[in-house]
Amino acid sequence: QSPGAVEEILDRENKRMTDSLASKVTRLKSDSDFTSVTGLLTGSVKRFSTMARSGRDNRKLLCGMAMGLIVAFFILSYFLSRART
């Protein structure tokens, strides 16, 4: 084989390996993002559970927060439905 043909084969193999490495890096980055979101959600659930198990004052606060979130959800859905029309 001529040196040019060998160089072309090596160049194609190098490009293939570079693409493979780039896709692996992308997958690792997305896995890392997913792990950080999971950790954030786990921490939030633990704090919420601790607050729910504690005294009466926190239960009032918890009910107020739940009502506030429900109201905010309905207001947001109302504005989104009006924006579409």
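A residue is called buried when its relative accessible area is under 20%, exposed when over 50%, and partly exposed in between, using a 1.4 Å probe and protein chains only. Of the 85 residues of this chain, 4% count as buried. The model is predicted: local features need pLDDT of at least 70 and side-chain atom pairs count only at pLDDT 80 or more, while totals for chains, interfaces and linings use all residues. Residues are numbered from 1 along each chain as its sequence is written, and side-chain values use heavy atoms, leaving out hydrogens and water.

**View 1. The whole chain holds 2 helices and 0 strands.** Both element types are DSSP runs numbered from the N terminus, helices being H or I with at least four residues and strands being E with at least two. Helix α1 takes in residues 3–53, and helix α2 takes in residues 56–84. The chain exposes about 7,800 Å², of which carbon and sulfur atoms supply 66%. That area comes from the Shrake-Rupley method with a 1.4 Å probe; for residues, only the protein chains shown count as cover.

**View 2. Salt bridges link side chains in helix α1, among them Arg12 with Glu8.** The rule asks for a side-chain nitrogen of Lys or Arg within 4 Å of a carboxyl oxygen of Asp or Glu, and the count comes to 3 salt bridges. Arg12 and Glu8 meet at 3.6 Å, N to O. These two residues are 4 apart in helix α1, about one turn of the helix. Glu8 is partly exposed, at 47% relative accessibility.

**View 3. Asp11 and Lys15 form a salt bridge in helix α1.** Their closest N and O atoms are 3.7 Å apart. The spacing in sequence is 4 residues, about one turn of the helix. How exposed are the two partners? Asp11 is partly exposed, with a relative accessible area of 37%, whereas Lys15 is exposed at 52%.

**View 4. Arg16 and Glu13 form a salt bridge in helix α1.** Here the closest N and O atoms lie 2.5 Å apart. Arg16 and Glu13 are 3 residues apart, again about one turn of the helix. Arg16 is partly exposed at 48% relative accessible area, and Glu13 is partly exposed too, at 34%.

**View 5. Met67, Ile70, Phe73 and Phe74 make a nonpolar surface patch.** Patches are built from residues with over 30% relative accessible area and no salt bridge, joining like charges within 9 Å and nonpolar side chains (Val, Leu, Ile, Met, Phe, Trp, Tyr) within 5 Å. This one has an area of about 450 Å². Met67 sits in helix α2 and is exposed, with a relative accessible area of 51%.

**View 6. Phe73 and Phe74 form an aromatic pair.** Rings of Phe, Tyr and Trp (its six-membered ring) pair if their centres lie within 6.5 Å; planes under 30 degrees apart count as stacked, over 60 as edge-to-face and the rest as tilted. The count comes to 2 aromatic pairs. In the pair shown, the ring centres are 5.5 Å apart and the planes stand at 70°, so the arrangement is edge-to-face. Phe73 and Phe74 are both exposed.

**View 7. Cys63 lies in helix α2.** Cys63 is exposed, at 51% relative accessibility. Ala52 is 11 residues away from Cys63 in sequence, and their C-alpha atoms are 9.6 Å apart in space.

**View 8. Residues 61–80 carry the UniProt annotation "transmembrane region", taken from an unreviewed entry.** UniProt positions follow the numbering used here, feature names are shortened, and annotations may be inferred rather than shown by experiment. In the model, residues 61–80 are 100% helix and 0% strand, with their end C-alpha atoms 28 Å apart.
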